[in-house]
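Please read the following report alongside the sequence and the coordinates. It deals with confidence, strand pairing, helices and packing in turn.

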Amino acid sequence: MSASLRECEPLTPRLLDLLISRSYLSDMTARPILTVPNPILKQISTPVAAVDDAIRALMDEMLESMYEAKGIGLAAVQIGEPVRVIVMDLEWGKADAPDHRAPRFFVNPEIIWRSDDLAPYEEGCLSVPEYYDDVERPAKVRLRYLNRDNELVEEDAEGMFATCIQHEMDHLEGVLFIDHLSRLRRDRALAKVKKIKRAA
Ligand code: ZN
């Protein structure tokens with residue numbers, strides 16, 4: 001199936017970091033999300049010393065940008081702050097409870113174990129608008145991170161959660177999901193984003 005056909009499909013839970021089929025409050029003034037080929041997206045994010053009020057304020061700004069863009073995951077570098085902070089909400093935007101929100105926060109995340117078996121997911125990214133493609137990643141991972149209360153947490157992730165956290169953690173290393181694709185597909189993605197920007 002071609003990428004263009006996929007885009008016309010309604011949202012499935014397989015899609016990441018992207019369109020959720022409801023509009024969100026449009027009167028918010030969220031910080032803009034950087035898109036390729038902005039060089040800031042290639043920066044390696046620096047660790048956070050501790051989760052304090054300043055980091056929590058950044059998290060709130062990130063959530064605002066993420067919800068406004070109808071995404072389900074965002075790394076701080078995507079709004080121009082190259083620090084190791086990720087926000088995510090895998091429950092938001094579902095048809096049966098469109099206003100339900102369950103934001104999650106991951107600071108200085110590490111993968112301390114990954115499964116040998118891989119799972120393919122069709123991914124998208126707010127920094128690579130309107131391009132989706134399949135990426136294979138470890139199906140299960142064990143994470144260690146600081147939460148919003150600066151507590152060190154270990155947690156297992158699988159399914160969409162595992163894919164999403166690995167996608168977002170790539171951002172902390174300056175890696176985009178299209179960097180996992182062939183040169184041909186990556187060039188196609190970049191050309192598409194360029195075209196969208198020209199049309200905007
Ligand atoms: Zn992304």
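The sections below describe a predicted model, beginning with its confidence.

## Confidence

The model is predicted, and its mean pLDDT is 88, with 86% of the residues reaching 70 or more. Over residues 1–15 the pLDDT is below 50, and this stretch has 18 contacts in the model beyond near neighbours in sequence. Residues 18–27 likewise stay under 50 in pLDDT, and for them the model has 17 contacts beyond four places in sequence.

## The five-stranded sheet

An open sheet is formed by five strands in the order 1-2-3-6-7, with antiparallel pairing. Strand 1 (73–75) and strand 7 (152–158) stand at the edges and have a single partner strand each, so one side of each is left without a neighbour in the sheet. From one strand to the next, the twist averages 40°.

Starting from the edge at strand 1, three bridges join this strand to strand 2 (residues 85–88) in the antiparallel sense, and Ala75 stands opposite Ile86 of strand 2. Strand 2 is in turn joined to strand 3 by four bridges, again antiparallel, with Val85 opposite Val107 of strand 3. Strand 3 also pairs with strand 6, antiparallel and over five bridges; here the bridge partner of Val107 is Leu146 in strand 6.

At the other edge, Glu158 lies in strand 7. Is Glu158 buried, exposed or partly exposed? Because 13 other C-beta atoms lie within 10 Å of it, Glu158 counts as partly exposed, given that a residue is buried at 20 or more such atoms and exposed at 12 or fewer. Leaving aside neighbours within four places in sequence, Glu158 is in contact with Ala139 and Lys140, while its C-alpha atom is separated by 8.8 Å from that of Pro138, which is 20 residues away along the chain.

## The hairpin of strands 4 and 5

Strand 4 and strand 5 form a hairpin that has two residues between them. Seven bridges join strand 4 (residues 118–125) to strand 5 (residues 128–138), and the two run antiparallel; within this pairing, Pro120 has Glu136 of strand 5 as its bridge partner.

## Helices 2 and 3

Helix 2 (residues 53–68) lies across strand 1, strand 2 and strand 3 (104–114), and runs at about 45° to strand 2.

For helix 3 (residues 159–172), the length can be tested against a regular rise: at 1.5 Å a residue its 14 residues should span 20 Å, and its end C-alpha atoms are 21 Å apart, which agrees. Helix 3 is mostly covered, since 10 of its 14 residues are buried, among them Ala162, Cys164, Ile165, Met169 and Leu172, together with His167, Glu168 and His171. Just after helix 3, Gly174 takes a positive phi of about 75°.

## The nonpolar core

The largest nonpolar core has 44 residues, and those with the most contacts inside it are Met62, Val87, Val107, Val128 and Leu176. Two or more residues are given to this core by each of helix 2, strand 1, strand 2, strand 3, strand 4, strand 5, strand 6 (140–146) and helix 3.

Which residues does Val128 touch, not counting those up to four places away in sequence? Val128 touches Thr35, Val36, Leu176, Ile178, Ala189 and Val193. Leu176 thus appears both in that list and among the core residues with the most contacts.

Terms used: Residues numbered from 1 in each chain as written. Predicted model: local features only at pLDDT ≥ 70, side-chain atom pairs only at ≥ 80, totals over all residues. Pairing = 2+ DSSP bridges. Axes fitted to C-alpha atoms, helices over the stretch in contact; angles between N-to-C directions. Contact = placed C-beta atoms within 7 Å. Expected span 1.5 Å × (residues − 1). pLDDT = per-residue confidence, 0-100. Core = buried A, V, L, I, M, F, W, Y, C linked by C-beta atoms within 7 Å.
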